[in-house]
Amino acid sequence: MPTLILVRHGRSTANTDGVLAGWTPGVALDERGTAQAGALPGRLAGLPIAEVVTSPLQRCRETMRPLLDARPELGPHTDDRIGECHYGDWSGRKLAELKDEPLMEVVQAHPTAARFPGGESMRAMQHRAAEAVREWNERVEREHGADAVYVMCSHGDIIKSLVADALGLHLDLFQRITVEPCSITAIRYTRLRPFLVRLGDTGDLSSLAPREEPPGGDATVGGGAGAP
């Protein structure tokens, strides 16, 4: 079965503003995110990409634009199922204020029990994304062969949930996974099981350096802004 290259969108204006964007329209890449997207064609130059699938949200489409410009033979496909989690009433709110919401503790420690007010559950988010990947695996293999490589551009929580699915990791543990903006995660699927062969690869180790304010013990809902 095919190899899936998961690309998280480049850093967005919501990331730098500390806002949980969700499906809020008009969230674009910031200057750094645009540069990250511009570097993607070079990072993926050695791969024979068969298809490109993207979340319908602007920040993902902007991330894929340089790659598609570099490879005009690739027509992008849009799939709502790999769009961001529907955060409902939390969408557009500052993460700093959401950390005091009682639900945030559930999101961190027991996400299978978390349903966002006016939005979807985290279980539903993982289910739709995993179903999308399974269907695209079948389609890509049918049209391009079992050794094909294809790209999906999606969002932090979606990619983390797909990694958990590939590893057979319970969704309640998926907050232990991190994927930075414009990072590359690769999953090679086989008939019996998938193999995680890259996780959150940016080629940049700056996020490992000590920070003035050390990160806390909670995961950043939505994925975070990456290295300073």
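In the predicted model, Arg-8 lies opposite Ser-154 of strand S4. This pair belongs to the register between strand S1 (residues 3-8) and strand S4 (residues 149-154), which run parallel and are joined by six bridges. Helix H7 (residues 156-167) packs on the sheet and touches S1, S4, strand S5 (184-189) and S6. The direction of H7 makes about 150 degrees with that of S1.

The sheet as a whole is open and consists of six strands in the order S3-S2-S4-S1-S5-S6, with mixed pairing. Its edges are formed by strand S3 (76-78) and strand S6 (194-201), each of which pairs on one side only. From one strand to the next, the twist averages 20 degrees. In contrast to the parallel arrangement of S1 and S4, strands S5 and S6 run antiparallel and are linked by five bridges. Within this pair, Ala-186 stands opposite Arg-198 in S6, and a hairpin of four residues connects S5 to S6.

A further packing arrangement involves two helices. The axes of helix H2 (residues 31-43) and helix H3 (residues 58-70) come within 8 Å and cross at roughly 35 degrees; the crossing is right-handed. On the H2 side, the contact is made by Ala-37, Gly-38, Leu-40 and Pro-41, which meet Glu-62, Thr-63, Met-64, Pro-66, Leu-67 and Ala-70 in H3. Classified by residue type, the contact of H2 with H3 comprises seven nonpolar, two polar and one charged residues.

How values were computed. Residues are numbered from 1 along each chain as its sequence is written. This is a predicted model: local features need pLDDT of at least 70, side-chain atom pairs count only at pLDDT 80 or more; totals for chains, interfaces and linings use all residues. Side-chain values use heavy atoms; hydrogens and water are left out. Two strands pair if DSSP finds at least two bridges between them. Axes are lines fitted to C-alpha atoms, for helices over the stretch in contact, and angles run from 0 to 180 degrees between N-to-C directions. Contact means heavy atoms within 4.5 Å. A crossing is left-handed if the near helix is turned anticlockwise from the far one by less than a right angle, and right-handed if clockwise. Ala, Val, Leu, Ile, Met, Phe, Trp, Tyr, Cys and Pro count as nonpolar, Asp, Glu, Lys and Arg as charged, and the others, Gly among them, as polar.
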